[in-house]
Amino acid sequence: MSKSIEELKSLTTQIRRDILRMVHAVNSGHPGGSLGCTEYFTALYGKVMNYNLPFTMEGKNEDHFYLSNGHISPVFYSTLARFDFFPVDELKTFRKLDSRLQGHPTTHEGLEGVRIASGSLGQGLSVALGVAQGKKLDGDQSLVYSLHGDGELQEGQIWEALMYAAANKVDNIISTIDYNGQQIDGSTENVLSLGNLHAKLESFGWTVLEEKNGNDLEAVIAILELAKTETGKGKPVVIILHTEMGAGVDFMMGTHAWHGKAPNDEQLDTAFKQLYLEAPADY
């Protein structure tokens, strides 16, 4: 059953609570980028993407999603659980021994919703393009979605893939860049500036869309729906999605400090007070 916008907004808060609970329980993980991408994942799985359950690896005649910046696995796992790919209760096993929910997504444990192992940055776009071309060869009209970090764009393989996609007119892909301006060592501007990213992507032959309010659920849904209308026109499509690392928790925002650090007990309590739900469905 399709959820209303208000239900999805409540779900973004629930997912943020899940993210913090997961990383706090094992004192490891990446909450910052996960919190910043919550609206994207909720929009993608709640309104935009066409997929079937139960999950199958082949996913014929349905849209696929590929997470390239695999360190934000907490938001991916929570989203999959909250949209019934696997039981929510399994989130409590995150990063524990023998868990299917590894720090970076893997496929050998058969976790529903995960089609590639990811975490070695720069590789996800190449995989997504291969799948997109495979769908074309199969006569499958479905779309392929991928997500990338802005710091990940410092990897050379990304730019090779960008060239390849345009040269081969892979027009059934919608890639999104989580443009939060932060990476593990500091701001992207200070570590290695991306310059005029919009112009660079256009010069590589992509249709480029940009959304400044990447933590506004309705805005994210709208830009993804707009991107769908640009597919099938001979050019790959990319969205520059401006988000805030640590969105939803004030002391985690505006800094790279929470890229890969878990909150302590007191900080978790403070965060939960900010992420208030009248009837939380915490696992």
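**Entry: start of α10**

I began at the start of α10 (265-274), where a side-chain oxygen of N264 comes to within 3.2 Å of the backbone nitrogen of E266. I count a polar contact as a pair of N or O atoms within 3.5 Å; within protein, one must be able to donate a hydrogen and the other to accept it, and residues adjacent in sequence count only if both atoms are side-chain atoms. Helices (H or I, at least four residues) and strands (E, at least two) are DSSP runs, numbered from the N terminus.

Note on the source: this is a predicted model, where local features need pLDDT of at least 70, side-chain atom pairs count only at pLDDT 80 or more, and totals for chains, interfaces and linings use all residues. Residues are numbered from 1 along each chain as its sequence is written, and side-chain values use heavy atoms, with hydrogens and water left out.

**Entry: the two sides of α10**

Which residues of α10 are buried? I found L268, A271 and F272. My cut-offs: buried is under 20% relative accessible area, exposed is over 50%, and partly exposed is in between (1.4 Å probe, protein chains only). L268, A271 and F272 sit on the same side of α10 because they cover an arc of only 100 degrees around the axis; the arc is that of the directions from the helix axis to the C-beta atoms. An α-helix has 3.6 residues a turn, so residues three or four places apart point the same way. E266 and K273 are exposed on the other side of α10. The cover over the buried residues of α10 includes α1.

**Entry: the cores**

I then pulled up the largest nonpolar core, which has 56 residues. Such a core is a set of buried Ala, Val, Leu, Ile, Met, Phe, Trp, Tyr and Cys residues joined through side-chain atoms within 4.5 Å. Y40, F41, Y45, F65 and Y145 touch the most other members. Among the elements that each supply at least two residues are α1 (5-26), α3 (38-48), α9 (217-229) and β7 (237-242). α1 gives the most, with seven residues. Apart from this core lies another, of 24 residues, including L129, L162, L194 and V208.

I checked F41 for contacts (heavy atoms within 4.5 Å). Skipping neighbours within four places in sequence, F41 touches G46, F65, L67, I72, V75, F76, T79 and L147.

**Entry: β1 and β2**

From β1 (64-67), H64 and Y66 point one way, F65 and L67 point the other way, and all are buried. β1 and β2 (144-149) run parallel and are joined by four bridges; two strands pair if DSSP finds at least two bridges between them. L67 is opposite L147 of β2.

I followed the chain to N69, in the loop between β1 and α4. Is N69 buried or exposed? N69 counts as buried because its relative accessibility is 2%. Beyond four places in sequence, N69 has contacts with L121, L147, H148, G149 and E152.

**Entry: α4**

How many residues of α4 are buried? I got 10 of the 10, so α4 is largely enclosed by the rest of the structure. The buried residues include S73, F76, T79 and R82. They pack against α1, α2 (31-36), α3 and β1. After α4 comes D84, with a positive phi near 75 degrees.

**Entry: L209**

L209 is in strand β6 (residues 207-211) and counts as buried at 12% relative accessibility. I looked past four places in sequence and found contacts from L209 to I223, L226, A227, V237, V238, I239 and I240. L209 and E230 are 21 residues apart in sequence, and C-alpha to C-alpha they are 9.7 Å apart in space.

**Entry: backbone oddities**

Most residues other than glycine have a negative phi, and most peptide bonds are trans. I logged these exceptions.

- The L53 to P54 peptide bond is cis, with omega near 5 degrees; P54 is in the loop between α3 and β1.
- N27, not a glycine, has a positive phi of about 55 degrees. N27 lies in the loop between α1 and α2 and is exposed, with a relative accessible area of 60%.
- K169 has a positive phi near 50 degrees. K169 is in the loop between α6 (156-167) and β3 (173-179), and counts as exposed at 53% relative accessibility.

**Entry: the record**

The unreviewed UniProt entry annotates residues 13-275 as "domain: Transketolase N-terminal". UniProt positions are given in the numbering used here, feature names are shortened, and annotations may be inferred rather than shown by experiment. Over residues 13-275 I noted 39% helix and 12% strand, with the end C-alpha atoms 6 Å apart.
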